[in-house]
Every structure is written in C-alpha cells, then in structure tokens.
Amino acid sequence: LRRIREADRAPGLDGALGRYLRELRDERQLSLPHLLDVQAQCMRFVRDMKRRGRRRPQDIGRDDVAAYRDRALAVGIKRTYKDLSILRGFFGFLTRREGLKENPVERVGAKVPPRTARTALSLPELQALLAAPEQDLLRLPLTAGTPASRPLKRFLALRDRLAIALLIETG
C-alpha cells in the first residue's frame, strides 16, 4: 500500500493507477484482499500496455484492450469477465476524474471459450451404466454366516442405481 502513495505522483499510467487505488482504499473503503486483486490485475494490464508503447491512458484504445483480452485468454487466464470489470472501473475513474475523453473498455466484451457439445450415451452404454451397481453386487462375496449383509448390499446397489439415474435425468 505504500507503493500506492508513491505511484499516485508518478506520470502516465502508473500515476493514474495509484490515484485510482487510493480512491478505492480511502473513499470506497475496499477490503485489503479486494484492493490487492484490483491492483494485481491493473498492474498486469499496465505492464502489458507499457510493453506495447502505451504509456499514457490517452494512448490506449479499444483495440489495445481487446488484444490484451485475447492475449490473456491465449495464456489461459479464465477470469476475463472479472478482469474486464476491474478495467472498466479503472477507466471509468479516468473518464470521471482524470478527464479521459473516451473509455476504451466500454464496448469490449469478454470472450468466452466455445463450449464443446456433450455427446449423448448410446443405449448400450446407458444400460451398462445402470447395470453397474447390480454387477458390483454380484461380484461382492457374501461371507459365510452373515445373511444380514445381503439386504445391506442390495440396498447399496439400489442406492447407487438411483444416484446414477438421478444424474442421468438431471443432465
């Protein structure tokens, strides 16, 4: 947090980020874990923009934000909704308080990786799945002298079959 005090006097993106974090801490009274999460995400973004020669908020456009989102997805960062929400807050602050004319994050949506369609079980596969608890029951040895274990084993097989049927019915 000491870095926040030092950073808000710096020029460019670093100073703007420091002022934003100070506002979140002092005026909005964000919790420390949330503040650190915001700081980490914004720092990743600022570092990426600096590597690409964007040192001031005015230098950043929608294409830069969309490219940053795509690079994050390419390396496996799956929190794009949360990350873009944090960046929307940062650039919202810049437009309200720092005089930035246009919010580059405004119309950039989070890309969601395409879902793969699930394949349905064939009828023989479904029958084998439902028969598995009964097959397990047949494979379990009934120990001599414990006829009371038979109803328990049947109950467990029925329980397992019902659980499998419930999973199948609910998707």
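**Figure 1. Burial and overall fold of the protein chain in the predicted model.** Of the 171 residues in the protein chain, 30% are buried. The chain exposes about 11,600 Å², and carbon and sulfur atoms supply 56% of that area. Its secondary structure comprises seven helices and zero strands, which, when read along the sequence, gives the pattern α-α-α-α-α-α-α. Among contacts between residues at least 6 apart in sequence, 60% join residues that are at least 24 apart.

**Figure 2. The cluster of aromatic rings.** The structure holds five aromatic pairs. Ring pairs link Tyr20, Phe45, Tyr68, Phe90, Phe91 and Phe93 into a cluster, and two of the pairs, both of which involve Phe45, are described in the legends that follow.

**Figure 3. Close-up of the aromatic pair formed by Phe45 and Tyr68.** The two rings are arranged edge-to-face, with 5.1 Å from centre to centre and 90 degrees between the planes. Phe45 belongs to helix H3 (residues 32-51) and Tyr68 to helix H4 (residues 62-74), so this pair ties together parts of the chain that are 23 residues apart in sequence. Both Phe45 and Tyr68 are buried.

**Figure 4. Close-up of the aromatic pair formed by Phe45 and Phe91.** Here too the arrangement is edge-to-face, the centres being 5.8 Å apart and the planes standing at 90 degrees to each other. Because Phe45 lies in helix H3 whereas Phe91 lies in helix H5, the pair ties together parts that are 46 residues apart in sequence. Phe45 has a relative accessible area of 0% and is therefore buried, and Phe91, at 0% relative accessibility, likewise counts as buried, since the cut-off for burial is under 20% relative accessible area.

**Figure 5. Close-up of a nonpolar surface patch.** Leu121, Leu129 and Ile168 together make a nonpolar patch of about 220 Å² on the surface. One of these residues, Leu121, is found in the loop between helix H5 (80-97) and helix H6 (123-139). With a relative accessible area of 48%, Leu121 is classed as partly exposed, because a residue counts as exposed only when its relative accessible area is over 50% and as buried only when that area is under 20%. The value for Leu121 is nevertheless compatible with membership of the patch, because patches are made of residues with over 30% relative accessible area.

Definitions and conventions
Residues numbered from 1 in each chain as written. Predicted model: local features only at pLDDT ≥ 70, side-chain atom pairs only at ≥ 80, totals over all residues. Heavy atoms only, no water. Patch = residues over 30% accessible without salt bridge, like charges linked within 9 Å, V, L, I, M, F, W, Y side chains within 5 Å. Areas by Shrake-Rupley, 256 points an atom, 1.4 Å probe, with all protein chains shown as cover. Salt bridge = Lys/Arg side-chain N within 4 Å of Asp/Glu carboxyl O. Helix = DSSP H or I, 4+ residues; strand = E, 2+ residues; numbered from the N terminus. Buried < 20%, exposed > 50% of the residue type's maximum accessible area, 1.4 Å probe, protein only. Phe/Tyr/Trp six-rings, centres within 6.5 Å; stacked < 30°, edge-to-face > 60°. Contact = heavy atoms within 4.5 Å.
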